Amino acid sequence: MAEQEKLAASSGGVKALPDEPAGDEHQPASPSRRMEIATASVALALALLALVLSRNIHLRMGGGGLDPKWWPTLLSSAAIALSTVLLCFSIFAQTVRRDDLESSHRDGWVRMLSALALSALYVFAWWTTGYLVATALYLVALLWLFGLRSWKGLIIFPLVTTAFIYGLFQILLKVPL
Amino acid sequence: MNSPFIKTIAAVSIISLVAAGAAFAQDAFPSKDITFVVQAAAGGASDRTSRAIAAEIEKDLGVSVIVENRPGASGTVAFAHVAEQPADGYTIGFGPVEFAIAEHIGYDFDRSDYTYLGQVMNSPVVLAVAANSPYSNLAEFIEAAKTKELSVSNSGAASAFAATAFTLAKMTGAQITPVPFDGGAPAVAAALGNHVDAVTAGAGETATAFADGTLKVLAIFADEAHPRFPGVQTAAEQGFDLQFGAWGGIYGPAGIPDDVRAILEESIRKAAASDAFLEAVTPAGILPQYKSGADWEAFVAAESARYDEVLN
Amino acid sequence: MSPFIDGIMAILEPTVMLCIGAGVIIGMLVGMFPGITATMAVALASSFTMTLEPVQGLAVLLTIYVAANFGDRIPSILINTPGTPASIATTFDGYPMAKNGQAGLALIVSALVSAIGIIASMVLFSTASVPLAQLALKFGPSEMFAVVILAMTIMISISSKSIAKGLLAGVIGLFIATIGRDPITGDARFTFGIRDLNSGLDFIAVIIGLFGIAELLDQLLTHRPHEVKPISALGRWWPTKDEYKRIAKPTGIAALVGLVVGIIPGAGGDIAGLLGWDRAKAASKTKASFGKGNIEGIAAADTASSATLGGSLTTTMALGIPGDSVMAVMIGSMIVWGIQPGPSLFVNQPSLVVTITALMVLATMITLAINLVRMPMMVKLLDMPVHYIWTTVLVFCLVGTYATTNNMFTVSIMLIFGVIGLVLKRCGIPASPIVLGLILGPLAESNLRRSLLIDGPAGLVNKPISATLLTLACIAIVVALSAPILARRRARQAKAPL
C-alpha cells in the first residue's frame, strides 16, 4: 500500500491508465486543421471587436490628428489583416505540425482545471481570511491534488513554505502580506 | 516569573503611553497597529514622505504604523481602498495633488469621502532650461514664446507639472506646447538634450542638475524661495503670480470620530515639524509644509476648482 | 594619495564587506522570486540604509542591484519564469536548454556571461562616463521612436515557426499595451469603467502569467506518469573548449548592444536582452537553433541585459538623471548621503567613482562565485518530486505578483494571462512577441506623438540619428521578411536536383 502511494507520489498523481502506454516519454500533439481555422477565426473576430472599440474611445478634450484613437485603430487594422492571412493559410495551406507540443489527456485536464479553481479560491480566501491560513491550506490542497499522500509531506512542506515566504516579505522586506 | 525585567517593560510601556498623550483607558486610541496606505510604489517622493511621517507617528503614538504601497490608476486605487475601511483611525493614507485632479480626468473619486488630517509637504513646480539655452529668466522665456512656439516637457499628462505649462500659456497668451513624458527623469533629460525648449518638473528631479550647472532654473512656482535653488526667484517675484506644487497630506475615511481625529491631527502636526522628517525629505527637494486638517480641506477644494478650469 | 587607492581603501573595511554580504543575500532572493524586482528591493532597503555611511549604504544597494541581476536568470532557465523583466530573453534558449538536459550548462554560462557583461560595462563607466552620457542626451523622442521601430523587427526573428502567427502575437501585445490611460492626453482607453485598468495591465503580472503559469498549466495538462524528467538530468556543468569559442562572438556583440541600450534613459535590461539575442542570432552560423536551446542565444541575452547595469549607472552618475528605475530610487539615497551626481562628480570626487566601480566589480565577483558554487544545490531542488515543484512555482508566482502592488486584481490578471498563455501555446501562437509588443508599444506610440508635438513630421527625418536609424529599420524589415522566403526557395532548389 505504502509502496503504491510512493509510486503515485513521484509521478504527479496521475495513475497510469491501462489504455495509455506507460513509460512513453514523448507523445506529440497531432496537427489539426480544424483548430487552425478556429484560431484564425477567433483572432479575426477579436480584431474586428478591437477596431470597433478603438473607434469608440471617449475623448475628453476633442480629437483630431494623432489622437488617442489613432494607434489602437492602426493596431486593430493590422490585426484584421494578419488574421485574414492566417485564415487563408489555415484553409488552403498545409496544416502546421505540432510535434513540439505534448498531447493532453483527460487526467491532465482535470488536474489543470482543479489547480486553476484552487488558485482562484485561494486569491479569494487570502483576501477574506488573511495570508497565513489561506496559504497553508492552499499548499496542502495543491499537494493533495498533485498526488502527494504522505502525512509528513502534507504538513511540513506547507508550514515551512508559508513561513519562509512570510519571513521574506513581512520581516525582511517589510511588505505586508 | 515576577521578574524585574517584566516590571521594567511594564513601566516603560506605561511611561511611553503617558508620554504619547494617550488616555489610560484600555480602549483608548490607538490600541492596535495603524495601516498607512501609500498610493505610489516604493521609492518615489510620496513613498519617501509617507515612510518618514509614519516613523514619527509610530514614535509618538507608541503603536506600529505599517506602510502599505497600493499603486495604480493615479492613486485612486489606494484612495478607494482607504474610503472602504472602517473610519476608526486605524487606516490612514497619503493624499497627493491627485486629490484635486482625479475627479476632473474621469475617475470615480469624491473628495467628500475622506477625513482630512493635515497637509505635510509641498514640492513646488519649477521651470528649467538647459545651461546653453538663450533664456535666463521667466520674462525672457515668455517674451520668446509670444513670437514662436516653445515646447515644454513635463512628467505626465494631467499632472501638476503639465497644468503649470497650460496655465502659464493661458495667463500670458504665450505659445507653449506642453509635452508629457513618462516620468520626471526623461522629461528633464529631454530639456538637457535640447529636444524641448524647457521643462516643468519637481524640485527633486531638477535639483541635482541645477547644482551641477547643467540646468538653469528660470522660476519657482511657489510663494517663497526654495533652499535647494539659491538665487532663483519665484514666478510671483518676476511678475507672474502663479503657484503650483505637488503637495501632499494625510487623510482617512470620512467620519473618523472627533477625539480620534484630534489625536491623529496632533501627532501628524508634530511629525511634520520634527527634525527627522525634515532630514528625510528635504534632500529630495520636498519642503515640509503644514496645514491643519480643516485648512488643508479648504485648500484641496480651492485647488480642485483651479484644476477643473485647467483640465477641461 | 591617489584617488584610485583612496577609492579602493574605502571598501576594504569589515563593515562594508558585511553590507556586501547582506546585499548579495537580499538581491539573490529577490531576483529568484518571480514578481519582486530589484527596484522594489532597493527601494525597501533604502529605508534602512539611510542611516549608514555613504559607502556602506552604496555597498548594500549596489550589491542588491548586481545580485538580483544574477538571481533572476535562475527561474528563467529552470521554470521558464523570468525572475524580473530583464531576463525575458533568457527564457528563449535557457528553458529549452534545460528541457534538453543542459540546465547545469545553461546556468553556468548565464552566470559567466552576466559577470562579463557587468564588468565590461563598469570598465566603460569608469573610463568614459562623461562623453558617453552626452551621447545619451542625443536621444530625444524622435530618436527613441526610431530605436523602437528598429527593435520591432525582432518580432519577425523570434517567431520561428510561422511569421504570420508571430506578427499577430506582436500586434496583440502592442494592443494590450494600449489599455489604460493615453500617454499624451490622459484619456482612458479600454478601461470599461474598471478602476484598476487605468494604469494598464501590470507588466510583471502579464509576463509571469504568459511564461511561468502558462508553462506550468501546460505541464499539468500533458505530464504523464513514469515520464523521465529531463531537467533533473543535468548534463554537464562546464562548457567545452569548443563551446567557449562559440559563445565568444555573441557575447561580444551583445555586450556592445547592452552598453548602448543601457546608456539610453528609459530603455533597460529587458529591451537590451531581446536586442542582444536578435543581433547575435543575425550574426550566428547556427541561426536555426536559436530559441530551441542554443548556447549562443543564452550567452547573448544575458550579456546584453547585464551590460545595461554600467550603462544606466553612467547616465545616472554623469547626468544626474536616473538611467533606470533602480537608479531613480538610488539617486534619492545618494542625495541624502550628500553625493551629488552630475558631470562634476567625476572631477571633484574621482575616488568615489573608483569606489562605485570597485563595489560593482567586487559584488559581481562574489555573486558569481556563490552562483558557481551553489548551482548544483539550486538544481537539486528540481530533483524534488513534481508535486512539490508545481506547488512551489504556483505559490511563489502568486505571492510575488501580489507583493508588487498589494492588490488581488494584479494576481487575477496574472492567472488570466496564464490561461491565455496556455490557449495561445496550444494554438501555436508564440508568447514572446506579445511581451515584445507590450514593452515596445507604449514607447513607439508615445515617442512618435511626442516628437510630432515638438517638431511636427519633419522632426523624424531631419535629425541625423533618427533618420539613420529609421533607414536601418526599413532595411531590417525587408531583410527579415525576405530571409525566410529566400531560405525556402534555396531549400527547394537544393532539393530539386535530387
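Me: How many salt bridges does the rule find across the interface of chain A and chain C?
Reply: In this predicted model, K165(C) is paired with E36(A), their closest N and O atoms lying 2.8 Å apart. That distance falls within the 4 Å allowed for a salt bridge, and the number found across the interface of chain A and chain C is one.

Me: Which class gives 52 residues to the side of chain A that touches chain C?
Reply: The elements of chain A that each give two or more residues to this side are α1 (2-9), α2 (33-55), α3 (70-92), α4 (106-129), α5 (131-145) and α6 (151-173). Sorted by class, the side includes eleven charged and 19 polar residues, while the class with 52 residues is nonpolar.

Me: How much area do chain A and chain C bury between them?
Reply: Chain A brings 82 residues to the contact and chain C brings 67 residues. Of the area buried between these two chains, 76% is on carbon and sulfur atoms, and the total is about 6300 Å².

Me: Are α4(A) and α19(C) roughly parallel or roughly antiparallel to each other?
Reply: The axes of α4(A) and helix α19 (residues 408-426) of chain C are 10 Å apart and make an angle of about 170°. Angles over 145 degrees count as roughly antiparallel, and therefore the relation of α4(A) to α19(C) is roughly antiparallel.

Me: How many nonpolar residues does the contact of α4(A) with α19(C) have?
Reply: On the α4(A) side the residues include L116(A), V123(A) and W127(A), and those they meet in α19(C) include M408(C), L415(C) and L422(C). By class, this contact has no charged residues and one polar residue, and its nonpolar residues number eleven.

Methods
Residues are numbered from 1 along each chain as its sequence is written. Chains are lettered from A and ligands numbered from 1 in the order in which they are written. This is a predicted model: local features need pLDDT of at least 70, side-chain atom pairs count only at pLDDT 80 or more; totals for chains, interfaces and linings use all residues. Side-chain values use heavy atoms; hydrogens and water are left out. Contact means heavy atoms within 4.5 Å. Buried area is the accessible area (1.4 Å probe) that two parts lose on being put together, summed over both. A salt bridge is a side-chain nitrogen of Lys or Arg within 4 Å of a carboxyl oxygen of Asp or Glu. Helices (H or I, at least four residues) and strands (E, at least two) are DSSP runs, numbered from the N terminus. Ala, Val, Leu, Ile, Met, Phe, Trp, Tyr, Cys and Pro count as nonpolar, Asp, Glu, Lys and Arg as charged, and the others, Gly among them, as polar. Axes are lines fitted to C-alpha atoms, for helices over the stretch in contact, and angles run from 0 to 180 degrees between N-to-C directions. Angles under 35 degrees count as roughly parallel, over 145 as roughly antiparallel, 65 to 115 as roughly perpendicular and the rest as oblique.
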